[in-house]
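Welcome! Here is a set of exercises to work through at your own pace, with the chain on screen. Try each task before you read its solution.

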Amino acid sequence: MATADTSGITLEELQLSGRNHSIPLEALKHDITPIGLHYLLIHFDIPKVDAETWQLDVGGLVEKPLALTLADVKARPPRTMPVTLECAGNGRALMEPRPLSQPWLEGAVGTAEWTGTPLAPLLEEAGLAAEAKEIVFSGLDRGLQGDVEHAYERSLPVAEAQRDRILLAYEINGQPLPPQHGFPLRLIVPGWYGMTHVKWLSSITAVAEPFTGWQQEVAYHVRQSEEEQGEPVTRIKPRSLLVPPGIPEFLTRDRTVAAGEVLLEGRAWSGRAPIESVDVSVDGGSTWAAAELELEGERWAWRGWSHHWDAQPGDHVVCSRARDEAGNEQPVEPPWNLGGYSNNAVQTVRVTVSG
């Protein structure tokens, strides 16, 4: 298991990492991530939105265009769902060579309870035309990327957008969305990487052709070179993370525990199928033992696991590996790609056991 070289980190990457933040891994102990500890990625700027004048426009290939106020959205039937969100670039900084962007390690994840109204009934009310193939979601955040000025926009196939789990969310953990999480309204697409969950929603548009906006057609593709189109990033690959055991060394975050029984615990999730198993290693992946999974809960929220370790004095490398019911399993080494996307390689934690 290789360690990435981050010695050449740039000022631009530091600037991005100052604006965005990952979850402190000890916060994995929470079933539901407290709002301030949930990972955060702000693509351009946080728009200042007046809830009194904001409206959501639903249009394009529909029979009855809609213009909804926030009160209109909140008056629709509500639903609350715990959903695990993970950034598509999680683990990017551990690739070698390191792709130049937000330098995530492994903590770009969180699980919140999102409250909103299902999208499907709204699309039904608007009356999708038969020729509608995709639904485009536009946010109020705007900027330049790839020398192209654009609003942040993403699309979903009509069939995906009509699934009953897709939410237009206005609350997180029972509180109104804070500005950084998309106030007043955002999209929640359980099982998909975070780039899909468009924040600061302003419009929903049905279109007949595949959407070719920059964030859809250019960004978020797994490819080896600029010349390739590559494969689009979609659903979250399986991942397991360990709650750091014991106590940390300040700079390295290496851990120290006392010899004897040590409870190793963590979380696992996959957007492709429910988690089937988690294995744990205390020797850097040479041998593995099955962890115990918590009872299966909500499909789109992470699942807890635990393992009792008879810790012997010395230096150890602890890691965990998740597998889902579709047979997808975490690799030991990250397969490299140009954008640093979908790196779900096995996490490693250095642990010293004191005698």
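## Exercise 1: A side chain in a loop

In this predicted model, a polar atom of the Asn343 side chain lies 3.1 Å from the backbone nitrogen of Ala345. Find where Asn343 sits, decide whether Asn343 is buried or exposed, and list its contacts farther along the chain.

**Solution.**
- Step 1: Place the residue. Asn343 belongs to the loop that runs between β21 (314-324) and β22 (347-354).
- Step 2: Check its accessibility. The relative accessibility of Asn343 is 3%, and the cut-off for buried is under 20%, so Asn343 counts as buried.
- Step 3: Look around Asn343. With neighbours within four places in sequence set aside, Asn343 is in contact with Asn90, Gly91, Leu94, Met95, Arg239 and Pro334.

## Exercise 2: A glutamine in a helix

Say which helix holds Gln216, and what the side chain of Gln216 reaches.

**Solution.**
- Step 1: Find the helix. Gln216 is part of α5 (residues 214-217).
- Step 2: Test for burial. Gln216 has a relative accessible area of 17%; this is under 20%, so Gln216 is buried.
- Step 3: Follow the side chain. The Gln216 side chain reaches the backbone nitrogen of Ser155 at 2.8 Å.
- Step 4: Add the other contacts. Not counting residues up to four places away in sequence, Gln216 touches Glu153, Arg154, Ser155, Phe211 and His221.

## Exercise 3: A pair brought together

How far apart are Ala208 and Lys133 in sequence, and how far apart in space?

**Solution.**
- Step 1: Locate Ala208. The loop between β10 (201-207) and α5 holds Ala208.
- Step 2: Compare the two distances. Ala208 and Lys133 are 75 residues apart in sequence, while their C-alpha atoms are 5.0 Å apart in space.
- Step 3: List the contacts. Leaving aside neighbours within four places in sequence, Ala208 is in contact with Leu61, Glu131 and Lys133.
- Step 4: Check accessibility. Ala208 is partly exposed, with a relative accessible area of 32%.

## Exercise 4: One side of a helix

Which residues of helix α3 (residues 119-126) are buried, and how are they arranged around the axis?

**Solution.**
- Step 1: Pick out the buried residues. In α3 these are Leu119, Ala120, Leu122, Leu123 and Ala126.
- Step 2: Look along the axis. The arc they cover is only 160°, which puts them on the same side of α3.
- Step 3: Step past the end. Gly127, just after α3, takes a positive phi of about 80°.

## Exercise 5: Backbone exceptions

Most residues other than glycine have a negative phi, and most peptide bonds are trans. Inspect the backbone at Trp200, Tyr220, Pro97 and Pro184.

**Solution.**
- Step 1: Start with Trp200. Trp200 is not a glycine, yet its phi is positive, about 50°. Trp200 lies in the loop between β9 and β10, and counts as buried at 1% relative accessibility.
- Step 2: Move to Tyr220. Its phi is also positive, near 60°. Tyr220 sits in the loop between α5 and β11 (221-222) and is buried, with a relative accessible area of 7%.
- Step 3: Turn to the peptide bonds. Glu96 and Pro97 are joined by a cis bond with omega of about 0°; Pro97 is in the loop between β3 (79-86) and β4 (109-118).
- Step 4: Finish with Phe183 and Pro184. Their peptide bond is cis as well, with omega of about 10°, and Pro184 lies in the loop between β8 (175-176) and β9 (186-188).

## Exercise 6: Empty space

How many cavities of 30 Å³ or more does the whole structure hold, and which residues lie closest to the centre of the largest cavity?

**Solution.**
- Step 1: Count. The search finds one cavity of 30 Å³ or more.
- Step 2: Give the volume. The largest cavity holds about 240 Å³ of space.
- Step 3: Name the lining. It has 20 residues, and Leu41, Arg186, Gly194, His197 and Lys199 are the closest to the centre of the cavity.
- Step 4: Sort by class. The lining of the largest cavity has twelve nonpolar, five polar and three charged residues.

Note on methods: Residues numbered from 1 in each chain as written. Predicted model: local features only at pLDDT ≥ 70, side-chain atom pairs only at ≥ 80, totals over all residues. Heavy atoms only, no water. Buried < 20%, exposed > 50% of the residue type's maximum accessible area, 1.4 Å probe, protein only. Helix = DSSP H or I, 4+ residues; strand = E, 2+ residues; numbered from the N terminus. Arc of directions from axis to C-beta. 1 Å grid on protein atoms, 1.4 Å probe; cavity = no way out; pocket = protein on both sides within 12 Å on 5 of 7 lines; lining within 4 Å. Points joined across faces, edges and corners; volume = space filled by probe spheres on them. Nonpolar A, V, L, I, M, F, W, Y, C, P; charged D, E, K, R; others polar. Polar contact = N/O pair within 3.5 Å; in protein donor to acceptor, adjacent residues only side chain to side chain. Contact = heavy atoms within 4.5 Å.
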